[in-house]
Structure formats: structure tokens, C-alpha cells
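Let's take a friendly walk through a protein model and look at its aromatic rings and one of its helices. Keep the structure open beside you as you read.

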Amino acid sequence: MPTQREPRRDHHPRDEHENRDPAAGSGSALFSHAPEPEPEATDAAGSAGAEQTGWPWFLPQDGLRHDLMESSVADETDPAVAADLYARSPLVRGAVRLLEHVGEGREVTADGGLPPAEVRALAGAWQLDLGGQELTSMWQVGEIVGPWNALVSGGWLSLDGSWVMPTEGVTPAASQADDPEAFVRFSRALILLLVLDALTQGPDDGGLFGDPDAFAALTHTLSPEGLRLPATIRVALDRGLVPEDPGGDPDMDEVQRYWRTDHDLTALAAYGLLHREMSPDGQDTRYRGTLEVIREIFGALEMVSELDG
């Protein structure tokens, strides 16, 4: 899990984007910034380490999955169905539960998070696996940090000294049952703003590298089998997958490409935007995404690309 961080009080994505449709991005930035050249489809296990093509050696060698990204999205025709899909997202579920927990307001610790006793209670109620770690701070629990940061970034929660309170937000925090269409807007804004915030933070602070490789990888998480990666670089080396440098040693630039991509996927999973599971033998990690969530992640990338000029 990435190192968690305190919400920044000097950065407010809502101020930069409050006049934009939270779902304006379509993912076109991904395709224009994708690794080049894109190879012909080949057997990934047999050829990934054989030569450097520019395409990530650790991804399936059939290039970007445009077909998966161009599928229809339910909320375009049926808001109730879309609301149900978004409600299944751990990030959205966590945000709804946190708003209920905060209620009219609660005390926070000096680092801007909920007290450890409350976090332990939430972890128990949400059936979170804390991995046996000794919990001393909210920032250790990605499943709470993700929705918390999204709610703060979108203005649904406001921190004032030792107190957190609910506020209006960039769009109403609507009920799924009462207003499914508004709930979809709320959900999309949560995802977009969390990723925007993560893209502006350093990876050591729980943010994302934001490399094109990671966003290319996300298209493959939409396939029925998800995206399978070697669990560690050691596994990849043992399988002979890592390209070599001119001296015949593992190319460290290619090792870095794998590590940065896996870091970003792990962070997105920790925050509740992807599903991550380890194979029984511990040799592989599988990531699965949903079109609704991946579309918003690409929208955030597009907005950051526009801001960067």
C-alpha cells in the first residue's frame, strides 16, 4: 500500500474545475500519450523480454484496448442501473459511509484525520483487512483515506482546526435511492477529484506517477480476465521477461517502468478504484477495473494534460 498523506489545505481541485462537467474527459489523452510504437499482437510470455519495442514488456502485447474503452456506459440510458454500478465501487461506498459517520461534525487529530479508535471501529464495520498492522493513524488505511481525500477535495467535508464538518460540495451528495441521476454525478465527481488530487501529489505522499504505461495498463483491467502482472520484479526476472541492456544485464529503465506502473495500480486499488488480488502461490497479481471508474480516471488525466499545456 502506498504511504498515505494528510489532505493538503493549500490545494483545492474544486477551485480549478468547479465550472467543468466532472465527467468531461473521455480518455482521449490516454491514446494521444500512449507508449510508441505499438507492436503487433504477439505471445507476451515468449517475446516480452526478447526486444524493446517501446510498448511495456509487462503488459499484453496487443496494445491499447480501444474496444473495451469504447463500450457504452449505462448512465447514458438508465441512471438507476448506473447508480447501482457506481454504488458497488469501494470508493463510493466508503464516501457515503464516511458522510454518515461524520454526521453534523466530528473531532479530528492534529494530522487532519479521524482518531485511531474511530478508524478501528470503521474498519471493523466495513470488514476491512488491516493486515495485522498496529493502527496508529487513519492514513494507514487506504480504503478510508481514498474516500476521505475525495470528500475533502470536492468540498463535501471541510476541515477547520480540530473539527471536520459536512459542507455543500461541488455537486450534491445525493441518495442513490432518492435521485439516482444525481448520485451518478456525485460518484463520478468523487472518482475524478480523487485521481486529480493523486496526480498532483508525489508518489511518496500517496500520489501517482501518472506515466502513460500505467494508463495503458488500465485498459487491460477491463478485460474479462483482468490484467495479470508478475507480483514482483524478482518473479519477472526469474521468468526471463525483463529486457536486457547492451551488456546483457536487466535493463534498469525497464525495471523502473514495471515498478512505477505497479505502484500506481496498487495505489488505485488501495483507494478503492481497482480490485487487486494475489494468486495462491504469490507469483502474480491480478487487477480488475470497471468502465465507469476507468473512464473517470482517464478524464482526470485529460484535465491534467490540458492544465500542463
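## An aromatic cluster

Which residues form one aromatic cluster with Trp57? The partners are Phe58 and Tyr258, which join Trp57 in one cluster. Keep in mind that you are looking at a predicted model.

## Pairs of rings

How do we describe two rings that meet? A pair of aromatic rings is described by the distance of the centres and the angle of the planes. The structure holds 7 aromatic pairs. One of them joins Trp57 and Phe58: their centres are 5.2 Å apart, the planes make an angle of 85 degrees, and the pair is edge-to-face. Trp57 has a relative accessibility of 4%, so Trp57 counts as buried. Phe58 counts as buried too, because its relative accessibility is 5%.

Now turn to Trp156 and Phe186. Their ring centres lie 5.1 Å apart and their planes meet at 80 degrees, so this pair is edge-to-face. The pair links distant parts of the chain, with the two positions 30 residues apart. Trp156 sits in the loop between helix H8 (142–153) and strand S2 (157–160), while Phe186 belongs to helix H9 (residues 180–200). Are these two residues buried or exposed? Both Trp156 and Phe186 are buried.

## A mostly covered helix

Helix H10 spans residues 212–220, and how many of its 9 residues are buried? The count is 8, so to speak of H10 as mostly covered is fair. Among the buried residues of H10 are Asp213, Phe215, Leu218 and His220.

Methods: Residues numbered from 1 in each chain as written. Predicted model: local features only at pLDDT ≥ 70, side-chain atom pairs only at ≥ 80, totals over all residues. Heavy atoms only, no water. Buried < 20%, exposed > 50% of the residue type's maximum accessible area, 1.4 Å probe, protein only. Helix = DSSP H or I, 4+ residues; strand = E, 2+ residues; numbered from the N terminus. Phe/Tyr/Trp six-rings, centres within 6.5 Å; stacked < 30°, edge-to-face > 60°.
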